[in-house]
Amino acid sequence: MRKYIFSAVLLVSVLAVFGFTVAQPDDSANFRQEFLRLINKTRTKGCNCGNKWYPPAAPIVWNDNLEKAAQGHADDMYNRDYFSHTSKDGRSMSDRIVFAGYYFKGYKSFMVGENIAMGQSSIAEVMTGWFKSEGHCQNLMNPGFKDVGVAENNHYWVQDFGGRVSFSPEQRKLIKEGKYRLVQKEVENH
């Protein structure tokens, strides 16, 4: 009898653990969805960033490479105890984003931006702060930004943005024939 009770308890324990594990929501998916929901809710309506009205912009989508860049910077700021767009090793936001795999080669235009925050305890709190800050809000509403990745480590928040526009088929043909000249110009957005 004890053997059956032990087996039943073991089976119930395994099922309970397995059931709870399967039933647990994916925190990273919820994190992404909540950021996208809050960003795109405002982008679809438009808003004032400081004294300037930003009209509605297309929804932004999640990009894993931008998330990787954001996570690396959030981790670095927390582990090395600083708060800056420039890493302690001198890397810029664009350096970190390209290093994480968000490349510009093969695109007609390429732009990146970054919002950072420290101390907020929730997605809603950090998003409210960014929308209330003129410069951060401008990044959030910039129609040139099509992609976003966000990360947090112990209340260090990093939101990296990117926008790339592909060459048209005609432009690609001209490039291939050597009849189209490419010029690279770097402009930092914070």
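How many aromatic pairs does the structure hold? The structure holds seven (rings of Phe, Tyr and Trp, the last by its six-membered ring, pair if their centres lie within 6.5 Å). The model is a predicted one, in which local features need pLDDT of at least 70 and side-chain atom pairs count only at pLDDT 80 or more, while totals for chains, interfaces and linings use all residues. Residues are numbered from 1 along each chain as its sequence is written, and side-chain values use heavy atoms, leaving out hydrogens and water.

A pair of aromatic rings is described by the distance of the centres and the angle of the planes. For F31 and W157, the centres are 6.5 Å apart and the planes lie at 5°, so this pair is stacked (planes under 30 degrees apart count as stacked, over 60 as edge-to-face and the rest as tilted). F31 belongs to helix α2 and W157 to strand β6 (residues 156-166), 126 residues apart; helices (H or I, at least four residues) and strands (E, at least two) are DSSP runs, numbered from the N terminus. Both F31 and W157 are buried, meaning under 20% relative accessible area (exposed is over 50%, partly exposed in between; 1.4 Å probe, protein chains only). Ring pairs also link F31, F35 and W157 into a cluster.

A second stacked pair joins F145 and F161, with centres 5.2 Å apart and planes at 25°. F145 lies in the loop between α6 (134-141) and β5 (147-153) and F161 in strand β6, so the pair ties together parts 16 residues apart in sequence. F145 is buried, at 0% relative accessible area, and F161 is buried at 0% as well.
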